[in-house]
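The following report describes the architecture of a single protein model for a reader who has not met it before. Please keep the sequence and the structure in view while reading.

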Amino acid sequence: PAVPVGRRLLFLLLFSLSCWRTCGAFLPIPTSKTPAVRTLLEALTSLDIVDSKVDLGTGVSAQVLSRNPPKQTSQPPIVFIHGSFHAAWCWTEKYFDYFVSLGYPVAALSLRGTGGTYAGDGVKKVKVGEHAQDLRAFLQLLPDFVSTSAKPILVAHSFGGLAVMKHLELHPEEADNLSGIATMCSVPPSGNGKLTMRFLRRSLVQSYKITVGFAMKECLTDAELCRDLFFGGPKDVLEDGSVDDHGVSDEDIARYQGNFERDTDATIDLFDLSRNLSSKSAVDGRAPGLQNFPPCLVMGATDDFMVDREALEETAVYFGCQAPMLVDSPHDVMLGNKWKNGASALHDWIQTNRSGKPS
């Protein structure tokens with residue numbers, strides 16, 4: 001099996017020190033008590049992402065990916081929740097490095113039905129309430145994965161937003177245990193029904209691509225469709241003849257498609273979802289218990305193929321936000337060459353709310 005980069009570097013460092021001692025160098029030999037060496041050791045060991053399996057007590061053994069900054073931090077932990085066709089891995093490629101470098105402990109849960117969190121023998125559909133139960137159970141275990149006892153910030157992408165909404169709908173008291181909630185390109189509280197009808201009226205082609213891409217899973221094998229849905233569209237040939245692939249190479253697409261196939265072992269039960277939409281418990285479009293929610297952010301992407309402005313505005317009302325924040329990005333805000341637009345906007349929002357300034 002592959003050895004994590006941090007461990008390889010740590011091995012090389014210890015091997016070098018051992019050789020230094022064996023060769024009888026006359027210079028003082030650094031020890032773990034030497035501040036510079038201790039700092040280097042901490043930095044090297046923190047390079048590893050910890051891949052854990054945890055029994056949530058809800059009938060599944062869940063995959064949790066986590067990483068902590070090398071030093072004690074005053075930043076709150078961030079818990080990332082992925083959307084359909086994805087799993088915890090999608091946050092590790094860009095966002096883990098970025099937020100850990102800023103001092104945030106990070107953790108990402110692979111929801112039930114993905115390759116990392118098996119839904120059970122013969123199970124092909126997962127209810128949104130089950131995702132909410134798993135999320136709640138994981139949050140209770142979060143101190144086992146992060147290096148701070150501060151209240152976490154939930155960050156949810158696409159269909160992951162519905163799991164957060166359902167979690168707080170079923171357990172509104174849990175809002176007191178959070179320091180912030182951010183949704184990114186989230187499916188709105190009314191689900192994807194109205195969203196789909198709007199696209200059907202606007203563009204038959206776009207509606208067709210969304211339908212076959214998800215319902216028929218064509219994006220698992222069609223690279224161009226995969227680019228359209230998640231990564232900002234087809235590659236562009238520039239005036240100088242170079243190709244702009246939006247930071248997602250053909251090799252990346254093939255790798256992501258493999259991940260998508262693995263992580264659609266069981267998909268969201270849309271019939272159950274239609275009967276249990278969070279919008280049905282909303283009061284004037286707002287979440288029940290909204291007055292007890294921590295600061296909330298609703299973020300959308302200017303080049304989102306699947307979540308439109310109306311959906312973002314509906315979600316903003318639900319979470320009591322004045323308006324959604326838009327960043328220059330396709331639907332998958334955490335991947336591709338525009339990933340930092342969403343990440344930096346999220347970091348700025350966190351810091352603004354921690355400083356007590358109005359959002």
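Val155 has Ala182 of strand 7 as its bridge partner. In this predicted model, that pair belongs to the contact between strand 6 (residues 153-157) and strand 7, which run parallel and share five bridges. The connection from strand 6 to strand 7 passes through helix 6 (residues 160-170), and the resulting β-α-β crossover is right-handed. Strand 7 also pairs with strand 11 (residues 296-303), again in the parallel sense, over four bridges. Within this second pairing, Ile181 stands opposite Cys296 of strand 11.

Is strand 7 covered or open to the surroundings? Strand 7 (residues 180-184) is mostly covered, with five of its five residues buried. In a regular strand, side chains alternate between the two faces of the sheet. On one side of strand 7 lie Gly180, Ala182 and Met184, on the other Ile181 and Thr183, and all of these residues are buried.

**The sheet as a whole**

Strand 7 is part of an open sheet of eight strands, arranged in the order 1-2-4-3-6-7-11-12 with mixed pairing. Strand 1 (50-55) and strand 12 (325-330) form the edges, each pairing on one side only. From one strand to the next, the twist averages 25°. Helix 12 (residues 309-318) packs on this sheet and touches strand 7, strand 11 and strand 12, while its direction makes about 175° with that of strand 11.

Strand 4 (residues 106-109) offers a further view of the sheet. Both of its faces are covered: Val106 and Ala108 on one side, and Ala107 and Leu109 on the other, are all buried. Strand 4 runs antiparallel to strand 2, to which four bridges join it, and in this pairing Val64 stands opposite Leu109. Strand 3 and strand 4, by contrast, run parallel and are likewise joined by four bridges; here the bridge partner of Val79 is Ala107 in strand 4. The pairings described so far are set out below.

| Strands | Direction | Bridges |
|---|---|---|
| strand 2 and strand 4 | antiparallel | four bridges |
| strand 3 and strand 4 | parallel | four bridges |
| strand 6 and strand 7 | parallel | five bridges |
| strand 7 and strand 11 | parallel | four bridges |

**Nonpolar cores**

In soluble globular proteins, nonpolar side chains tend to be buried together. The largest nonpolar core of this model has 55 residues, and those with the most contacts inside it are Phe80, Trp91, Tyr95 and Phe99. Helix 13 (residues 339-354) supplies the largest share of this core, six residues. Where does this core lie with respect to domain 1 and domain 2? Domain 1 (54-190 + 266-355) and domain 2 (196-261) both contribute residues to the core, so it lies between them. A second, separate core comprises 41 residues and includes Ala137, Leu139, Leu277 and Ala287.

Tyr95 illustrates the surroundings of one residue in the largest core. Neighbours within four places in sequence aside, Tyr95 is in contact with Phe80, Met184, Val333, Met334, Trp339, Gly342 and Ala343. Among these contacts, Met184 is one of the buried residues of strand 7.

**Residues in loops**

Pro77 is located in the loop between strand 2 (61-67) and strand 3 (78-81). Pro77 counts as buried because its relative accessibility is 0%, below the limit of 20%. Not counting residues up to four places away in sequence, Pro77 touches Pro105, Leu142, Val146, Thr148, Ala150, Lys151, Pro152 and Ile153. The C-alpha atoms of Pro77 and Gly103 are 9.0 Å apart, although 26 residues separate the two along the chain.

Two further loop residues have an unusual feature in their backbone. His246, which is not a glycine, has a positive phi of about 60° and sits in the loop between strand 9 (243-244) and helix 10 (250-262). Asp284, also not a glycine, has a positive phi of about 55° and is found in the loop between helix 11 (270-275) and strand 11. Which of the two classes, buried or exposed, applies to Asp284? With a relative accessibility of 73%, Asp284 counts as exposed, whereas His246, with a relative accessible area of 14%, is buried.

Terms used. Residues numbered from 1 in each chain as written. Predicted model: local features only at pLDDT ≥ 70, side-chain atom pairs only at ≥ 80, totals over all residues. Heavy atoms only, no water. Helix = DSSP H or I, 4+ residues; strand = E, 2+ residues; numbered from the N terminus. Buried < 20%, exposed > 50% of the residue type's maximum accessible area, 1.4 Å probe, protein only. Contact = heavy atoms within 4.5 Å. Core = buried A, V, L, I, M, F, W, Y, C linked by side-chain atoms within 4.5 Å. Domains from an automatic or database assignment. Pairing = 2+ DSSP bridges. Right-handed = clockwise from strand over helix to strand, strands pointing away. Axes fitted to C-alpha atoms, helices over the stretch in contact; angles between N-to-C directions.
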